[in-house]
There are 4 protein chains.
Amino acid sequence: MGQVHGPNAARTRGLRIKYVVDPRDGLARAMAVRTGAAVATLEQALEDPGVGGVLVCSSTDQHLEQSLAALEKGKAVFCEKPVDLDPERARRALPRFEGARFVLGFNRRYDPHLLALKRQLDSGAIGSLESLHIVNHDPAAPPAGFIPTSGGLFKDFTIHDLDLARWLLDEEPVELFTAASCLVDPEIGRLGDVDTARTVLKTASGRLCVISNTRRSGCGYDQRVEAFGSRGMLAAGNPARDTVRTFTAAGEAAAPIAGSFAGRYVDSYRDQMAHFCEVAHGRTQPRTGFADGVAALVLAHGCRASADGGRMINLREWN
Amino acid sequence: MGQVHGPNAARTRGLRIKYVVDPRDGLARAMAVRTGAAVATLEQALEDPGVGGVLVCSSTDQHLEQSLAALEKGKAVFCEKPVDLDPERARRALPRFEGARFVLGFNRRYDPHLLALKRQLDSGAIGSLESLHIVNHDPAAPPAGFIPTSGGLFKDFTIHDLDLARWLLDEEPVELFTAASCLVDPEIGRLGDVDTARTVLKTASGRLCVISNTRRSGCGYDQRVEAFGSRGMLAAGNPARDTVRTFTAAGEAAAPIAGSFAGRYVDSYRDQMAHFCEVAHGRTQPRTGFADGVAALVLAHGCRASADGGRMINLREWN
Amino acid sequence: MGQVHGPNAARTRGLRIKYVVDPRDGLARAMAVRTGAAVATLEQALEDPGVGGVLVCSSTDQHLEQSLAALEKGKAVFCEKPVDLDPERARRALPRFEGARFVLGFNRRYDPHLLALKRQLDSGAIGSLESLHIVNHDPAAPPAGFIPTSGGLFKDFTIHDLDLARWLLDEEPVELFTAASCLVDPEIGRLGDVDTARTVLKTASGRLCVISNTRRSGCGYDQRVEAFGSRGMLAAGNPARDTVRTFTAAGEAAAPIAGSFAGRYVDSYRDQMAHFCEVAHGRTQPRTGFADGVAALVLAHGCRASADGGRMINLREWN
Amino acid sequence: MGQVHGPNAARTRGLRIKYVVDPRDGLARAMAVRTGAAVATLEQALEDPGVGGVLVCSSTDQHLEQSLAALEKGKAVFCEKPVDLDPERARRALPRFEGARFVLGFNRRYDPHLLALKRQLDSGAIGSLESLHIVNHDPAAPPAGFIPTSGGLFKDFTIHDLDLARWLLDEEPVELFTAASCLVDPEIGRLGDVDTARTVLKTASGRLCVISNTRRSGCGYDQRVEAFGSRGMLAAGNPARDTVRTFTAAGEAAAPIAGSFAGRYVDSYRDQMAHFCEVAHGRTQPRTGFADGVAALVLAHGCRASADGGRMINLREWN
């Protein structure tokens with residue numbers, strides 16, 4: 001994700017990349033050239049009083065530790081999701097993030113299309129919200145080598161949807177059920193993960209949310225949300241790559257949907273980084289904080305437990 | 001449903017309505033006038049050797065008995081869903097329907113849009129099917145008085161989707177989970193039913209299917225299916241009432257979707273009745289038979305048990 | 001067109017086909033069987049006092065004469081367009097059609113989609129109308145043998161759009177310009193006709209209308225209207241054959257648009273015949289009368305003159 | 001347009017704004033601050049050997065003179081359209097632009113949507129092109145004060161479509177007809193201009209093109225193209241502002257289309273400036289050069305003559 005956030009930050013008005021920290025020397029130097037920065041160790045960077053903030057885009061197992069180290073040095077922190085793979089450890093760290101200038105990379109909340117849906121929802125366009133359907137389908141399965149350190153489908157991928165669900169439902173889930181399969185790549189199954197899943201969340205007031213996930217859509221990066229309320233429905237669809245439609249004897253044809261997260265969420269990444277700049281300067285509160293990361297991680301953990309056990313998880317008893 | 005099927009049959013080439021049987025005398029006579037038929041008792045109608053078939057559109061608790069009575073007299077039978085409210089009794093009746101000229105009113109299977117989706121699926125347009133999403137949202141809740149005899153949300157309404165799922169999945173579900181709420185009308189809850197539900201089915205090969213139901217969409221009769229395969233996605237949407245779109249400073253506007261099943265499925269009811277005519281004349285086998293009705297009823301029963309118990313139902317053990 | 005209107009009338013509540021008149025004996029008998037009618041000569045049919053109305057679907061050169069013959073015998077008349085090929089002769093006949101129970105087959109005015117657009121227009125949804133764009137593209141060129149007696153592109157085909165323009169503009173054109181080419185089939189050009197044209201109409205108040213015609217769209221029967229007003233735009237599109245959309249790596253695909261007028265305007269033909277029934281029974285005034293046919297014919301004549309002369313036609317001076 | 005191109009160039013990799021030249025001192029200084037430039041006179045800027053190129057965004061009557069002055073000093077030139085208001089003067093200047101590093105601001109040719117349509121066209125997706133429909137509707141009329149120096153509807157606005165038509169038709173028009181009205185603002189008429197127009201172009205091979213213009217769409221910046229070929233149709237539509245659709249009992253609703261050229265063509269302006277950078281560095285040939293500007297200006301002049309004279313213009317004789 002550093003390949004996305006680094007150049008993104010370098011283009012953000014008010015931000016400048018001073019150091020690139022990466023144990024892989026060649027990559028560090030390439031990114032430094034690309035962003036007009038110097039290569040340094042994390043210690044060097046954190047000691048520099050001219051550094052106001054840190055973008056934590058390392059492997060997941062370092063997110064928590066590096067974020068805390070940066071916060072302790074008085075830096076603002078932008079951190080990729082998930083905050084950690086261990087919900088218990090993440091929960092214990094909660095107090096240390098209170099009031100912190102810390103932005104978590106839940107990029108869906110910064111997407112113009114989903115923000116437009118949220119505004120319509122908040123404006124009462126469909127009355128009171130009753131249920132949600134979230135589609136998050138990756139175009140193609142990641143290399144199997146990525147699976148073991150990724151946290152698996154739920155902590156790596158579904159976690160975005162769990163955060164999106166919490167944001168849109170505006171209420172915490174109290175029950176959770178996940179059914180999952182390995183249909184895309186048997187190697188994923190051999191590594192103990194799944195690649196296709198459906199999760200149902202239920203809140204205390206009875207609101208229902210379905211999350212649809214697959215690692216391989218076959219048709220691009222399928223990202224959609226439908227919200228059902230007492231007076232109607234809202235649907236946020238996949239933005240068209242271009243507006244050209246072709247009509248022939250064979251029928252109507254149009255361009256594929258976005259092929260990857262980088263293309264689909266380009267505006268979201270840009271606006272998220274601008275938000276981080278505002279947070280770093282103390283001009284606004286984080287829209288996606290550490291507590292959101294912990295809440296979504298607990299739910300992702302629950303998805304895995306539900307899928308493994310073939311049972312509904314009562315989240316009130318479970319935690 | 002007699003109000004739909006009666007006039008529909010009267011318009012079907014090859015069918016003629018000879019008798020109307022309805023204990024409510026006024027309604028019987030009105031329908032008789034409308035369809036050019038005479039009013040009779042069931043016995044009179046069944047004794048008439050000039051009667052080749054019977055449309056069973058009575059209340060659900062009479063479906064099974066009346067269908068059997070008609071079959072015994074050598075008549076072809078079209079019967080509205082569900083076949084019964086008791087899965088056990090329905091299952092016991094199975095042998096008596098073997099080879100029968102019996103068409104069950106699972107109208108989705110006759111809908112041109114869903115048939116087009118099925119054809120694309122069968123043609124391999126999206127590779128092998130992996131998961132399904134079925135939306136079946138009623139426009140507005142039925143009068144509370146309808147609930148007690150209806151069989152409830154699952155046996156009255158979801159049953160259509162359960163049949164649709166079996167047809168499209170082309171494989172029996174082995175696990176089932178339903179989460180349900182009463183969000184639309186508290187009176188429905190007081191009567192022991194629910195009005196909002198999400199059901200997840202899983203087949204032996206790992207295919208997943210979500211069924212989304214509500215008794216009140218707020219925006220019309222929302223009927224959609226999405227099928228996800230190894231090489232892409234198929235989506236069957238709501239037909240537009242007209243093609244006019246209005247663009248003003250306020251944005252784009254278009255007509256509402258169909259307001260009721262009668263409008264949405266008018267072609268499906270027509271083609272289903274034509275199919276019954278073919279079956280009655282022995283020219284083709286029933287596309288939706290009694291066994292389909294039993295299978296869907298068992299699943300609907302499972303939905304209720306899952307929602308009540310807050311647990312996944314293992315259908316292999318359960319039956 | 002008798003192949004469309006005959007069976008259509010036979011299905012219309014309140015209408016019955018008593019006689020089929022067709023010099024081609026085989027066709028006459030086939031249609032008689034199909035509609036439950038007898039074969040007769042025109043004289044026999046017109047002499048029968050049991051005949052209330054006549055559908056004139058003969059070749060264009062007989063429309064006027066046969067319509068008048070039927071009206072003289074006190075019959076109601078439905079007549080296919082155009083009323084004649086000679087605007088002068090048609091104009092002279094105008095007085096004989098005053099107050100007549102005569103419906104002209106300008107089927108666009110009965111189409112539910114175009115009626116919905118008209119209603120929006122009349123409701124002020126886009127303020128006051130300023131300009132129109134009418135697309136009328138045939139799927140494929142007619143056999144060359146049809147051209148000589150057809151009246152050519154303008155009197156046979158564009159005439160529908162000229163009537164539609166008059167109806168929607170709600171004001172007579174005063175200027176007209178047509179540019180035309182022969183791009184589809186050189187044989188059409190050799191026969192003195194064109195196959196591709198654009199016509200611009202201007203009304204006294206300055207409203208502008210473009211009519212786009214081709215004999216061969218390559219993608220089906222393309223029938224669309226856009227209306228531009230002081231506060232926005234209305235667009236009536238091509239109805240979808242089905243709602244299924246397929247998404248793969250190659251992009252989005254959907255079914256072709258309607259392949260012919262019979263499919264596209266099936267509702268329009270049905271409603272037009274029901275309207276004729278009402279007119280025949282004296283229960284309503286014709287929505288498309290002989291005067292509309294003359295006005296559109298004069299404009300079609302102007303299109304040809306403009307295209308031939310490469311000049312704008314001032315309709316006020318011209319007639 | 002300097003408000004668009006200045007900041008745009010400042011963001012373009014490979015370009016830097018060194019001087020801002022504007023007789024309106026306050027505006028000059030504001031733009032200088034915004035782009036990190038200094039305020040200077042045109043002479044000062046042209047004398048500076050460190051200046052490699054000039055963006056000519058002055059009033060139309062200065063375009064030609066300033067472009068020539070810059071070219072004489074060896075600078076590359078980006079110039080806004082039109083090249084001049086006098087076709088004869090522009091034509092005389094043609095030899096001085098031969099081989100020049102000169103990019104004309106015909107931004108449509110850089111728009112990703114129209115480029116996608118052009119690619120489809122060139123790939124033969126719809127066979128051979130037969131006709132075109134270009135919609136260019138401004139959201140709201142400009143202040144009347146802008147009209148006298150603008151060149152009027154045709155040289156200021158339609159000129160974009162005339163260039164687009166030349167590019168897509170890939171063949172020069174030989175005949176032209178324009179019908180025009182003043183329907184939007186009577187003040188525009190009093191100033192001798194029109195605000196609503198339809199133009200028909202015909203090429204030597206018989207291809208037809210309609211251009212639809214209005215100064216006030218009432219629904220935003222409506223920019224669409226349809227191309228009709230021997231095997232089908234291509235349509236480039238208005239990009240959606242967001243993908244959210246709202247469904248209620250009142251129907252379907254979506255966001256308005258782009259409200260201005262700045263929003264609609266933001267990618268086009270960006271890519272056009274990147275292209276200018278490539279041209280300035282001598283790495284590529286201009287995609288839109290001075291000769292294109294002259295050809296479109298001649299056609300715009302013809303539109304005016306046709307509309308004024310109510311007659312078709314034969315462009316072969318006319319020039």
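**Notes on the B–D interface**

1. A good place to begin is the polar side of this contact: between chain B and chain D there are six residue pairs in polar contact, with both partners at pLDDT 80 or more. Please keep in mind throughout that this is a predicted model.

2. On the chain B side, the elements that supply two or more residues to the surface touching chain D are strand 12 (244-248) and strand 13 (251-254). Strand 13 of chain B contributes the most, with four residues. Sorted by class, this side of chain B has eight nonpolar, three polar and two charged residues.

3. Now for the charged pairs. Two salt bridges are found across the interface of chain B and chain D. You may like to look at the one in which the side chains of Arg245(D) and Glu252(B) meet, at 3.2 Å from N to O.

4. The strand pairing deserves a look as well. Strand 13 of chain B and strand 13 of chain D (residues 251-254) run antiparallel and are joined by three bridges. To find your way along the pairing, start from Ala254(B), which stands opposite Glu252(D) in strand 13 of chain D.

5. Finally, the overall extent. In this interface, 13 residues of chain B are in contact with 13 residues of chain D. The area buried between the two chains is about 930 Å², and carbon and sulfur atoms give 51% of it.

Technical notes:
Residues numbered from 1 in each chain as written. Chains lettered and ligands numbered in written order. Predicted model: local features only at pLDDT ≥ 70, side-chain atom pairs only at ≥ 80, totals over all residues. Heavy atoms only, no water. Contact = heavy atoms within 4.5 Å. Buried area = accessible area lost by both parts, 1.4 Å probe. Salt bridge = Lys/Arg side-chain N within 4 Å of Asp/Glu carboxyl O. Polar contact = N/O pair within 3.5 Å; in protein donor to acceptor, adjacent residues only side chain to side chain. Nonpolar A, V, L, I, M, F, W, Y, C, P; charged D, E, K, R; others polar. Pairing = 2+ DSSP bridges.
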